[in-house]
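Me: I'm new to this model and would love a close look at one part of it. Could you start with a cysteine and then walk me through the surroundings of one helix?

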Amino acid sequence: MSQMEERKVEKPNAKERSKHEEEQLPLMALNHVSRLCRNVEESVDFYTKVLGFVKIERPPAFEFDGAWLFNYGIGIHLVQSEDEERLPADTDHLDPMDNHISFQCEDMEAIERKLKDLNIKYIKRSVEDNENKTTIDQLFFNDPDGFMIEMCNCENMKLVPAGPLGNIKLPVDRHTAPVDLNQNGKDANK
């Protein structure tokens with residue numbers, strides 16, 4: 001089969017494209033991750049000091065203790081746990097194969113220095129992709145409640161779709177949270 005014929009086989013026809021586009025959900029980006037916590041203020045302290053999140057106002061309609069944080073285009077919603085059994089029993093357990101949230105990082109050495117300075121236990125690992133001649137560096141550590149966090153430089157990894165490329169949506173400028181930079185009529189950046 002020639003290259004021209006292969007391209008024709010891979011390309012969906014107009015009817016298939018139309019059907020696929022109708023089935024697509026209007027998702028834009030990850031909005032927030034919710035985390036239960038033993039102590040909201042301790043968790044706020046961790047996420048602001050260690051990861052650089054900023055505490056934002058939370059709608060007063062919520063009748064339970066919690067806090068909202070935002071930065072890097074995503075939010076973290078902290079919720080005071082009413083049930084200790086819903087939280088990780090072992091707050092020191094680190095296993096890269098376990099549940100975690102991951103943040104893209106542009107300076108892995110700076111993060112590692114910060115973790116050392118703050119005496120936060122972590123696992124460091126590198127994943128080599130010999131075929132594409134790239135290395136992904138990873139740091140895994142826990143928040144105060146034992147939920148694992150990963151920092152990585154995954155932009156080094158080339159994303160290769162396992163199916164039609166038409167399924168991938170890359171938001172460019174569609175999702176930017178409206179941020180009020182004025183606090184009580186004053187510019188928050190001053």
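What does Cys154 count as at 23% relative accessibility?

Reply: Happy to help! This is a predicted model, where local features need pLDDT of at least 70 and side-chain atom pairs count only at pLDDT 80 or more, while totals for chains, interfaces and linings use all residues. Residues are numbered from 1 along each chain as its sequence is written, and side-chain values use heavy atoms, without hydrogens or water.

Cys154 counts as partly exposed because its relative accessibility is 23% (buried is under 20% relative accessible area, exposed over 50%, partly exposed in between, with a 1.4 Å probe and protein chains only). Cys105, at 8%, counts as buried. Zero disulfides are present (cysteine sulfur pairs within 2.5 Å). The sulfur of Cys105 has its closest cysteine sulfur in Cys152, and that one is 8.2 Å away, too far for a bond.

Now to helix α3, which spans residues 40–49 and lies across β1, β2, β3 and β4 (helices are DSSP runs of H or I, at least four residues, and strands of E, at least two, numbered from the N terminus). Relative to β4, α3 runs at about 160° (between N-to-C directions, from 0 to 180 degrees, of lines fitted to C-alpha atoms, for helices over the stretch in contact). Val40, Ser43, Val44, Phe46 and Tyr47 are the buried residues of α3. Looking down the axis of α3, you find them within an arc of 165°, so they line one face of the helix (the arc takes directions from the helix axis to the C-beta atoms). Their cover includes β1, β2, β3 and β4, along with β7 (134–142) and β8 (148–152) (contact means heavy atoms within 4.5 Å).

What about the sheet that α3 lies across? Its four strands follow the order β1-β4-β3-β2, forming an open sheet with mixed pairing (two strands pair if DSSP finds at least two bridges). At the edges sit β1 (32–37) and β2 (54–56), each pairing on one side only. From one strand to the next, the twist averages 30°. Inside this sheet, β3 (residues 66–71) meets β4 (residues 74–80) in the antiparallel sense, over six bridges. Leu69, for example, has Ile76 in β4 as its bridge partner.

The other open sheet around here is also mixed in its pairing, with four strands in the order β5-β8-β7-β6. Its edge strands are β5 (100–104) and β6 (122–129). Eight bridges join β6 and β7 in the antiparallel sense, and Tyr122 stands opposite Phe141 in β7. Helix α4 (residues 108–117) packs on this sheet, touching β6, β7 and β8.
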